[in-house]
Amino acid sequence: MTSSVSAAPARGGLAVAAALAIVYVVWGSTYLGIRFALEGGFPPLLMVSGSRFVVAGGVMFLFLLWRGVAPPTRAQWKNVLVMGALLLLMGNGMVVLAEQTVSSGLAAVAVASMPLWMGLFGAMRGQHPTRGEWLGIVVGFAGVVWLNAGSSLTGSPVGLVLLLIAPIAWAYGSVWSRGRDLPSPFMTAAAQMLAAGVMLVVAGLLHGERFDAAGWTLTGGLAVAYLAVFGSIIAFTAYVWLLHHARPVLVGSYAYVNPVIAVALGAFIAGETFTPHDLGAMAVILAGVVVITLARARQSK
């Protein structure tokens, strides 16, 4: 069974809202989960990204086969591999590498530039954002700049470069996937995690990472498990479903909400500090999301 990705706006408003809520909240918390996993001694590409995607994707893939869902065809596997390389190998992998030297809050803030790239790549493919959506992009990105400018968040030059490339790769892969020959949304998510997980494990081994359980902690293990179940299976599946059912700018709006959640969790759980300056910037970010959502709602009427 094959299905091509539709560019039409979603009609199931409640389903889209629920999927967005999952992506907003769960992915906002994964930045802190990555930090705990790294502090727990788990290697970044080999375990924090690669192995957990192999496990999550493999379990989901086998479950879908058991339920009678058709696996990807040879042509579909090619598209899945490209998506996996862009979204997970370059997108997620570079964020995890960056968080070795960059705080979880700054990582989320940097990735929040993704909707801008998503809107630009969508425009290049003829899916031009409306004036309202462009306004939301500008407002949200202004909040991101404000949050980053003059804040206490710090990061290394290498980490910041990785965080620049990651959202561009993720945005391009998301827009590129629309209209491609892909399996059902859930099978697409499973196959993509499985394929990208293998690529990340290979990249980790080439990077010099090794399995060494001697330095692993219980907190780090629980963080990896959370990333696998909630960050990979639940939230990533919701994201892939949204790519099939919602406009690119709306799908990309999660990156404006994630910094708010990531900074808040980093402050309350991990002791990362934030100021009234940060709170004001996060309010502007949320305003951008509201503008994008309202613009999308008016267009779908």
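A residue counts as buried when its relative accessible area is under 20%. Ala295 comes in at 5% relative accessibility, so it is buried. Keep in mind that what you're looking at is a predicted model.

**Ala295 and its surroundings**

Ala295 sits in helix H12, which covers residues 276-300. Leaving out residues up to four places away in sequence, it touches Thr130, Gly132 and Glu133. Gly136 is also worth finding on screen: its C-alpha atom is 8.3 Å from that of Ala295, although 159 residues separate the two along the chain.

**Thr30 and the cavity**

Now jump to helix H1, residues 13-39, where you'll find Thr30. Its relative accessible area is 10%, and since the cut-off for buried is under 20%, Thr30 is buried too. Setting aside neighbours within four places in sequence, Thr30 is in contact with Leu227 and Gly231.

Here are the two buried residues side by side:

| Residue | Helix | Relative accessibility | Contacts beyond four places in sequence |
|---|---|---|---|
| Thr30 | H1 (residues 13-39) | 10% | Leu227, Gly231 |
| Ala295 | H12 (residues 276-300) | 5% | Thr130, Gly132, Glu133 |

Thr30 also helps to line a cavity. Rolling a probe the size of a water molecule over the atoms shows where empty space is left. Across the whole structure, a search turns up one cavity of 30 Å³ or more. The largest cavity holds about 260 Å³ of space, and 18 residues line it. Nearest its centre are Trp27, Thr30, Tyr31, Asn92 and Trp170. Which elements give two or more residues to this lining? They are H1, H2 (44-66), H3 (74-98), H7 (157-176), H9 (218-245) and H11 (254-268). Sorted by class, the lining has 12 nonpolar residues, five polar ones and one charged one.

**Two helices to look at**

H3, one of the helices that contribute to the cavity lining, has a kink of about 30° centred on Ala85. What about its length? With 25 residues at 1.5 Å each, H3 should span 36 Å, and its end C-alpha atoms are 34 Å apart, so the two values agree.

Helix H4, residues 104-111, is mostly covered, with eight of its eight residues buried. If you want to pick them out, they are Ser104, Gly105, Leu106, Ala107, Ala108, Val109, Ala110 and Val111.

Notes
Residues numbered from 1 in each chain as written. Predicted model: local features only at pLDDT ≥ 70, side-chain atom pairs only at ≥ 80, totals over all residues. Heavy atoms only, no water. Buried < 20%, exposed > 50% of the residue type's maximum accessible area, 1.4 Å probe, protein only. Contact = heavy atoms within 4.5 Å. 1 Å grid on protein atoms, 1.4 Å probe; cavity = no way out; pocket = protein on both sides within 12 Å on 5 of 7 lines; lining within 4 Å. Points joined across faces, edges and corners; volume = space filled by probe spheres on them. Nonpolar A, V, L, I, M, F, W, Y, C, P; charged D, E, K, R; others polar. Expected span 1.5 Å × (residues − 1). Bend = angle between axes of the 7 residues up to and from the residue.
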